[in-house]
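Hi everyone, thanks for making time. I'd like to walk you through a structure you haven't met yet, so have a look while I put it up.

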Amino acid sequence: MKPYTAPPPGRRSYRGLILDFNERTALPSKRVKTALMEAIQGKLQMYPEYGALEMALARYAGAPQENILITNGSDEAISLIFRTFVGARDTVVVPEPSFSMFTQYAKIAGASVVSPPYDTRTGAYPLDQVLAACDRNPKLIIICNPNNPTGTLVSVSDIKRIATRSPRSVILVDEAYAEFSGVTAVSLIAQNPNIIITRTFSKAFGLAALRIGYILANPVFIAELTKVKGPYDVNLLAAIAATAALSDIPDMRAYTTEVMTQSKPMLEAFFRKNAVPFYPSAANFLLIRVPNAVQIEETLRRNGVLVRRQSKPGIENCLRISIGTVAETKRFIRIFARTVCNKSLTPKKVAVFDRDGTLIFEPQDTYQINSVKELRILPGVTQTLRRLTNAGYILVMVTNQDGLGSKGYPRSNFTTVQSELLTRLKKTDVIFRKIYVCPHMPDDNCSCRKPNTSLIDTFLATMNMDRDASFVCGDRASDAGLAVNLGIRYIRTDTNGNLNAAFASFRKENL
Ligand SMILES: Cc1ncc(COP(=O)(O)O)c(C=O)c1O
């Protein structure tokens, strides 16, 4: 198991826009601070009590007090539900991609996890597959509503369908973002007592640092959960802060209204205008699809914005962006437009070249060039590379140098020849952006030797490669294989041939 990737150290003092963990971007209600200041002067030597908070929550959630259990963040709520209900022989249904802790806790319980996939095109919950999975008698079914990271929603009637279809399963409805979506399954609990709802003060109320959440469920479930839970898992300051936050609902509503009715439409309009696809979100975040998430995340970070890159199957090239106030959204749009639009989003034409036998003469007896004396740039090479450069191609060299670094082929032999080659090319304004060398022998079975792509993969992941215009050019089967593996065109040249000839038809079409 991999641990949950928590925010990196130093994040709290980051000076830019912090849009990576779906928190409220504004401070919580002023009443929270006032209540906390008062509380720290009070009886900290005594164990906490939760009566005031439970009463306030009952009013806020529209549920009887006996249906409520306060927890240390909704993370603890989810963990508690798994600890109470799920054992090693059980099956749980966790549609993916979703908040990672569901699967994490299921694995800790030793349960089998069934993960119907969200529709990666629309972000829709896999309702039919979840309903079908009900036949397997799952102990627990997850409905993350709205779902993190897609932001997509399941209707209350569909939640009811699942709960009714599988009455012996616990239906965990995670409503961490319910204040933003305005959708809740609370009214179902009375008729469908297998529904358990988890909620949090970390998002709309802005108390993520204090760790407080709660469970809404039927009283029998609450009684069972209470047996498993520690008596004082929630500390007094968290409880006091939550009570104070609940006493100022207009503050919370002002924030969620600004986010959902002003910032979110503004951000969506911006992404639409720039042809950046995003999932339909009912929460305070948007999941956008970009061609090169690694690079864009880094570009934004360097320019003062933290966003969260996704890595789960189906959403590998997606970034999740929390939505804050209107002023912050305007700032985000300015930074994104300046640093990402027209730069990172524009497809890049990449020309990948083999070296020996393609760019420079390769002796057919030793296949090795050991000294500058032997270096001969092949005919048509500088001309072709110049044309490609002028046409906006990024030049990359990928070469197998069998046994480089061994006694028979010292590294210095290669580097002297290579730097002379690069110097000569540079004089004609030809520059290779990246040069990748595999030093292994064929028998080494390494993962970097052409036609494998591992040398160049990381570089390509940083950009949006224009697959139609990009190509590999070389003289051997391994070069052709590299082109196939990269999914781009192959331009074959004769070993030690003339590159102008190899590019004759390409030139007509493209240059
Ligand atoms: C869907 C979902 N559930 C639960 C949580 C946990 O929130 P907390 O433990 O802060 O209440 C998060 C946090 O990001 C979340 O996105």
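Let's begin with a pair of helices. In this predicted model, helix H2, residues 51-61, packs against helix H9, residues 236-246, with the axes 9 Å apart and an angle of about 35 degrees between them. The crossing of H2 over H9 is left-handed. Which residues make the contact? From H2 you have Ala52, Leu53, Ala56, Leu57 and Tyr60, and from H9 you have Ala239, Ala242, Thr243 and Leu246. Sort those by class and you get 8 nonpolar, 1 polar and no charged.

H9 has another partner, helix H1, which covers residues 30-39. Here the axes are 8 Å apart, and the angle is about 145 degrees. H1 passes H9 in a right-handed crossing. On the H1 side, look for Arg31, Val32, Ala35, Leu36 and Ala39; they meet Leu236, Leu237, Ile240, Ala241, Ala244 and Ala245 of H9. That contact counts 10 nonpolar residues, no polar ones and 1 charged.

Okay, on to a sheet. There's an open one built from 7 strands, and if you read across it, the order is S2-S8-S7-S6-S5-S3-S4, with mixed pairing. The edges are strand S2 at 68-71 and strand S4 at 112-114, and each of these pairs on one side only. On average, neighbouring strands are turned by 20 degrees against each other, ignoring direction.

If you want one pair to zoom in on, take strand S5, residues 140-144, and strand S6, residues 170-174: they run parallel and are joined by 5 bridges. You can spot Ile141 standing opposite Ile171 in S6.

Now, what sits on that sheet? H2, from our opening pair, packs on the sheet and touches S2 and strand S8, which is 213-216. The direction of H2 makes about 120 degrees with that of S2. Then there's helix H3, which lies across S2, S5, S6, strand S7 (195-200) and S8, and runs at about 155 degrees to S7.

Keep your eye on H3, as the ligand comes next. How many residues surround the ligand? There are 13, and the closest are Gly73, Ser74, Asp75, Thr200 and Ser202. H3, spanning residues 73-85, gives the most to this shell, with 3 residues. By class, the shell splits into 4 nonpolar, 7 polar and 2 charged.

Let's zoom out for a second. The domain assignment gives domain 1 as 30-247, domain 2 as 253-339 and domain 3 as 350-510. The centres of domain 1 and domain 2, taken over C-alpha atoms, are 26 Å apart. Each side puts residues into the contact: 18 from domain 1 and 18 from domain 2. On the domain 1 side, those come out as 9 nonpolar, 6 polar and 3 charged.

There's another sheet to show you. It's open too, with 5 strands in the order S15-S14-S13-S16-S17, and its pairing is parallel. Strand S15 (434-438) and strand S17 (489-492) stand at the edges with a single partner strand each, so one side of each has no neighbour in the sheet. From one strand to the next, the twist averages 20 degrees.

Over at S15, strand S14, residues 394-400, pairs with S15 in the parallel sense over 5 bridges. Within that pair, Val396 is opposite Lys434 in S15. Helix H15, residues 454-461, packs on this sheet, where it touches strand S13 (350-353), S14 and S15, and its direction makes about 155 degrees with that of S15. Helix H16, residues 477-486, packs on the sheet as well, touching S14, strand S16 (471-474) and S17, and its direction is about 175 degrees from that of S16.

Last stop, a few backbone oddities. Where are the cis peptide bonds? One goes from Asn145 to Pro146, with omega near 0 degrees, and Pro146 is in the loop between S5 and helix H6, which is 156-165. Another joins Lys450 and Pro451, with omega about 15 degrees, and Pro451 sits in the loop between S15 and H15.

And then there's Asn22, a residue other than glycine with a positive phi, near 60 degrees. You'll find Asn22 in the loop between strand S1 (17-18) and H1.

That's my tour, so over to you for questions.

Technical notes: Residues numbered from 1 in each chain as written. Predicted model: local features only at pLDDT ≥ 70, side-chain atom pairs only at ≥ 80, totals over all residues. Axes fitted to C-alpha atoms, helices over the stretch in contact; angles between N-to-C directions. Helix = DSSP H or I, 4+ residues; strand = E, 2+ residues; numbered from the N terminus. Left-handed = near helix turned anticlockwise from the far one by under 90°. Contact = placed C-beta atoms within 7 Å. Nonpolar A, V, L, I, M, F, W, Y, C, P; charged D, E, K, R; others polar. Near = placed C-beta within 6 Å. Domains from an automatic or database assignment. Pairing = 2+ DSSP bridges.
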